[in-house]
Amino acid sequence: MFRPVVFLSLFLLAGFATLSRAEEDVIIETAEETAGKADGVLQGAATDATAEEAAAPILHSPDAETTVYFTFPPNTKEIPTNKPIRLLIGFRNKGQGVFMVDYLDASLRYPMDFSYNIANLTSVRFSRAVAPREEATFDYGFYLSDAFASRPFTLNINLHYRDATDKGFIHSIYNETIQAIEVDEGLDSQTFFLYVIFGAIVVLGGVFGQQYFAAKINVRCRALSSNL
């Protein structure tokens, strides 16, 4: 009777001691790990923020100057659909280092919300170096379908280039509201095709009518000849 009680008491004491050590270990380890993890998270966030700031391209370089000239149409506020739109981009290097003009992209944005991208237009890669105190001209064109007719859009054109230290720049060379219009050319291909078919029907009708009347005249002539 006494031995089972002693064994049970020793077992409970051993379990209580193990549980107490486990709780102390958990508490101490949790506090140290929490402080270390917090420092690691803060250091990692600071490192990521620094890396993102270093990698983020600058919007415009003070040593670069750009100009945009629309060759077709001359009125940039009204862009016709189903027509090739052409424009020239002038890039002037005013600095002391070389600029590398990489590529150009364009998009149509919602006029009331610039973050809403409606459609991406054609992107063109140039990969051309512009030496200091020199100018370069780039040709660009895009095309709008009939689905964009009679609607206003914000036309955004960005030029991407780098300096001699490989620092990237994004220059918004054009950011204006345009009106997509449908040009009425008067006689389109479908109307012309209908006119051709109608003309062919008239010609065939004239030929058949001539043959019919010629046959009638021949019959009458033969009848008169037989009577004589």
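What share of the contacts in the protein with a separation of 6 or more comes from residues 24 or more positions apart? The figure is 67%, where contact means heavy atoms within 4.5 Å.

**Before starting**

The structure is a predicted model, in which local features need pLDDT of at least 70 and side-chain atom pairs count only at pLDDT 80 or more, while totals for chains, interfaces and linings use all residues. Residues are numbered from 1 along each chain as its sequence is written, and side-chain values use heavy atoms, with hydrogens and water left out.

**Whole chain**

Display the complete chain as a cartoon. The protein has 2 helices and 9 strands; these are DSSP runs numbered from the N terminus, helices being H or I of at least four residues and strands E of at least two. Read from the N terminus, the order of elements is α-β-β-β-β-β-β-β-β-β-α.

Next, switch on the surface. The accessible surface comes to about 16200 Å², and 61% of this belongs to carbon and sulfur atoms; accessible areas come from the Shrake-Rupley method with a 1.4 Å probe, and for residues only the protein chains shown count as cover. Of the 228 residues, 23% count as buried. Buried means under 20% relative accessible area, exposed means over 50%, and partly exposed lies in between (1.4 Å probe, protein chains only).

**First stop: the open sheet**

Select strands β1, β3 and β7. They form an open sheet of 3 strands in the order β1-β3-β7, with antiparallel pairing; two strands pair if DSSP finds at least two bridges between them. Strands of a sheet pair through backbone hydrogen bonds, either parallel or antiparallel. β1 (64-72) and β7 (135-143) stand at the edges with a single partner strand each, so one side of each has no neighbour in the sheet. On average, neighbouring strands of this sheet are turned by 20° against each other, direction ignored; the axes are lines fitted to C-alpha atoms, for helices over the stretch in contact, and angles run from 0 to 180 degrees between N-to-C directions.

Now zoom in on β3 (residues 84-93) and β7, which run antiparallel and are joined by 9 bridges. To find one of the bridge pairs, label G90 and its partner in β7, T137.

**Second stop: charged side chains on this sheet**

Side chains of opposite charge can pair when their charged atoms come close. The structure holds 6 salt bridges, a salt bridge being a side-chain nitrogen of Lys or Arg within 4 Å of a carboxyl oxygen of Asp or Glu.

Show the side chains of R92 and E65, which meet in a salt bridge at 3.7 Å, N to O. This pair links distant parts of the chain, with R92 in strand β3 and E65 in strand β1, 27 residues apart. R92 is partly exposed at 40% relative accessibility, and E65 is likewise partly exposed at 34%.

Add E135, whose side chain meets that of R92 in a salt bridge at 4.0 Å, N to O. Here too distant parts of the chain are linked: E135 lies in strand β7 and R92 in strand β3, 43 residues apart. E135 counts as exposed because its relative accessible area is 60%. Through shared partners, salt bridges join E65, R92 and E135 into one network.

**Third stop: β2, β8 and β9**

Move to strand β9 (residues 168-181), which is joined by 3 bridges to strand β2 (residues 78-80), the two running parallel. In this pairing, E78 stands opposite Q179 of β9.

Strand β8 (residues 151-162) pairs with β9 in the antiparallel sense over 12 bridges, and F153 has I178 in β9 as its bridge partner. β8 and β9 form a hairpin with 5 residues between them, and D166 in the turn has a positive phi of about 65°.

Keep D166 selected and add R162: the two form a salt bridge, with the closest N and O atoms 2.7 Å apart. R162 is partly exposed at 28% relative accessibility.

Is H171 buried or exposed? H171 counts as buried, at 14% relative accessibility. It lies in strand β9 and, leaving aside neighbours within four places in sequence, is in contact with L59, H60, T66, I157, N158, L159 and Y161.

**Last stop: a nonpolar patch**

Return to the surface and colour Y110, M112 and Y116, which make a nonpolar surface patch of about 400 Å². Patches are made of residues with over 30% relative accessible area and no salt bridge; like charges are joined within 9 Å and nonpolar side chains (Val, Leu, Ile, Met, Phe, Trp, Tyr) within 5 Å. Y110 lies in strand β4 (residues 99-110) and counts as partly exposed at 41% relative accessibility.
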